[in-house]
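Please load the model in the viewer and keep the selection tool at hand. Each stop below names what to select next and then describes what is found there.

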Amino acid sequence: MKRYDILLQTAMVAGCLTSIVGCSVTGRLQRRQTTASLSQLTRTERQERQQDCRPQVVKLRRDSDSFCLAPVDTLSDGERVMALQIEQVTVVSRMRSVPERNGRVMLDFIITLPKLLLGKSRSVVITPVLHKPDESVPLEDLVIRGGRFSLLQERDYWQYEKYRWVYDPDSVEAERMFNRLVKFPYPEDARLDSVVERRGMMEYYYSQEVPTDETSKRMTVTLQGKVVGIDDSAYTLPSSDTLSYVVSSMLSFVDTLPRYRIRIIDKYVTVTDRNYIQFMVGRTDVKEDLGENRAQLDKIETLMRRILEQQEFYVDTITLTAASSPDGRTALNDAIAEGRARALKRYLACRFGRQIDTLLTLRWVGEDWSTLIELIRGRTEVKHRDEILALIAAEKNPDRREAKLRRHYPEDFAWIKANLYPYLRAVNFRYDLRRVGMVKDTVHTTELDTAYARGVELLRKRKYARALYILNGYNDRNTVVAHLSMGHDERALELLDTMPKDAVTEYLRAIACSRLGRKEEGREHFLQACRLDPRMEYRANLDPEITELLKR
């Protein structure tokens, strides 16, 4: 019975609404092709956006009659006259220049909905659309609902909640009944959702910050819209006006000339390589299947083969140095380190042939205390680090040195033995190479700075953060452009103060000063830029920061 009551109430309300509405709710809009309008703001409107407290003329319209109410002044002879302060006439262009900051621009405009478009039984959805050369991006919706339309939505949601309370359906059934009972769901993710009771022209100030990319030199904005009536009639708004925005960036000041750097070519080159080969305790033979030996041996062979087979250098000598940890007696460790060095040489000779016998020189270090000292210095886990380093420096005998460490600092010694000793059991290779055909020891030559070229390319693609990461050390004009594009105006001005004065640097100084509020200083820099290059005067029309400087 409860479900029957709900459906009966639905039918009764729907019948009442139909009798009220009569013919199609949106039919008259279709016949007159009514649409919303889109317009730019004047500079004054963008700066102020506040109510003017001065008395102004108020124009009223009642049916076919129009009335104007204006403030008056009384003259000395008693005559009363209108006192109107005439404002300057401002023409608003369809195109506007917007400054880019940190890879983003702020677009703003006025959306005007005429009185005819609004109504109690309608819902109007307006969607601004941002157009770029390679894509169109819908912005957030504006939703204007009439009072009667809003009541219909409230009724539908009340029915749905009543149904859920009575029947407690599962999620699938709940979704099915929602689609059946709720004719017009509430809007989601809308910039504005407003309910109006009376018809009247409506204006909305819309502002949106949007990212820029390499295709964002020019952007346009249009409106899309749809009107829906409670009788299911719908009307799609005709195409609106188009607003154009020219993105004013610093990219026209990018210096695209290639940059070269001096490269020093040495006749003699040294290549070093460190590897960790594991051996059985007290043994010297090389075991490929022990621990990570296979990967380490492959690494040694790959580097050695690459060096031996390249044609740019002669290989003078290859020095192999095997080292061991201080664990045990010094004499025994020396013998083990020597045996392991010779075993590794024999292993490599089997892979590369007899040429290794003449190129390979063997060295060994029984106890690598120097490397251990460096490892201890960098470890905060060693509680008595300073005392241990002092003991190592004072005791010259290696065997007594290790015994004292074990006796005086047992916890630290146990940690060092477990965590640092394995790094001492290493095999180091040193390749001494000589460049083919080179007579002098060093030659200076110039080559293209590819890193700088990559930074400039990123800058031109508006990837400012990545570009600045590369260009930051060069401190030239392109570095300044990257800083200004990121909004680092103070840093940009610091760099400009170190550069020679020319038309471009003076113009960039003017922009930085304008952003920092130093208008008088910025105006002087701009005038100096125009004196050095008259074309800068025309460039100023694209930069709102320069326009601010010229206002008195």
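Begin by selecting Asp-386 and Ala-394, two exposed residues on the face of helix H10 that is turned away from its buried side. The model in view is a predicted one. Next, extend the selection to the whole of H10, residues 385-394, and colour its buried residues: Ile-388, Leu-389, Leu-391 and Ile-392. How do these buried residues fall when H10 is seen down its axis? They lie within an arc of 160°, and therefore line one face of the helix. The spacing reflects a general rule: an α-helix has 3.6 residues a turn, so residues three or four places apart point the same way.

Keep the buried residues of H10 selected and add their packing partners. These are helix H9 (369-377), helix H11 (398-408) and helix H12 (410-419).

**The second largest pocket**

Select Phe-279, Ser-324, Ser-325, Arg-340 and Arg-425 next; among the 23 residues lining the second largest pocket, these are the closest to its centre. The pocket holds about 460 Å³ of space. Which elements each supply at least two residues of its lining? They are strand E18 (313-323), helix H7 (330-352) and helix H13 (421-424). Highlight H7 in particular, as the source of the largest share of this lining, with 4 residues. Colouring the lining of the pocket by class gives 13 nonpolar, 6 polar and 4 charged residues.

**Thr-358**

Move to helix H8, residues 355-359, and select Thr-358 within it. Thr-358 is exposed, because its relative accessible area of 68% is over the 50% cut-off. Add Thr-317 to the selection and display the C-alpha atoms: Thr-317 and Thr-358 are 41 residues apart in sequence, with 8.3 Å between their C-alpha atoms in space.

**The second largest cavity**

The structure holds 3 cavities of 30 Å³ or more. For the second largest cavity, select Thr-35, Ala-36, Ile-126, Leu-223, Gln-224, Gly-225, Leu-237, Pro-238 and Ser-240, which line it. The space inside this cavity amounts to about 40 Å³. Strand E13, residues 218-229, gives the largest share of the lining, 3 residues. By class, the cavity is lined by 5 nonpolar and 4 polar residues, with no charged residues.

**Two loop residues with positive phi**

Select Asp-168, in the loop between helix H4 (147-167) and helix H5 (171-181). The phi of Asp-168 is near 45°, a positive value in a residue other than glycine. Is Asp-168 buried or exposed? With a relative accessible area of 65%, Asp-168 is exposed.

Then select Asn-475, in the loop between helix H15 (464-471) and helix H16 (477-486). Asn-475 is not a glycine, yet has a positive phi of about 50°. Its relative accessibility of 35% places Asn-475 in the partly exposed class.

**The whole chain**

Finally, clear the selection and show the entire chain, which has 21 helices and 21 strands. Colouring by burial shows buried residues as 41% of the 552 residues in the chain. A contact map adds a further view: of the contacts with a separation of 6 or more, 72% are between residues 24 or more positions apart. With the surface displayed, the chain exposes about 32500 Å², of which carbon and sulfur atoms supply 50%.

Methods
Residues are numbered from 1 along each chain as its sequence is written. This is a predicted model: local features need pLDDT of at least 70, side-chain atom pairs count only at pLDDT 80 or more; totals for chains, interfaces and linings use all residues. Side-chain values use heavy atoms; hydrogens and water are left out. Buried means under 20% relative accessible area, exposed over 50%, partly exposed in between (1.4 Å probe, protein chains only). On a 1 Å grid over the protein atoms alone, a cavity is a set of points where a 1.4 Å probe fits but cannot get out, and a pocket is an open set with protein on both sides within 12 Å along at least five of seven lines; lining residues have an atom within 4 Å of a point. Grid points are joined across faces, edges and corners, and a volume is the space filled by probe spheres set on the points. Ala, Val, Leu, Ile, Met, Phe, Trp, Tyr, Cys and Pro count as nonpolar, Asp, Glu, Lys and Arg as charged, and the others, Gly among them, as polar. The arc is that of the directions from the helix axis to the C-beta atoms. Contact means heavy atoms within 4.5 Å. Accessible areas come from the Shrake-Rupley method with a 1.4 Å probe; for residues, only the protein chains shown count as cover.
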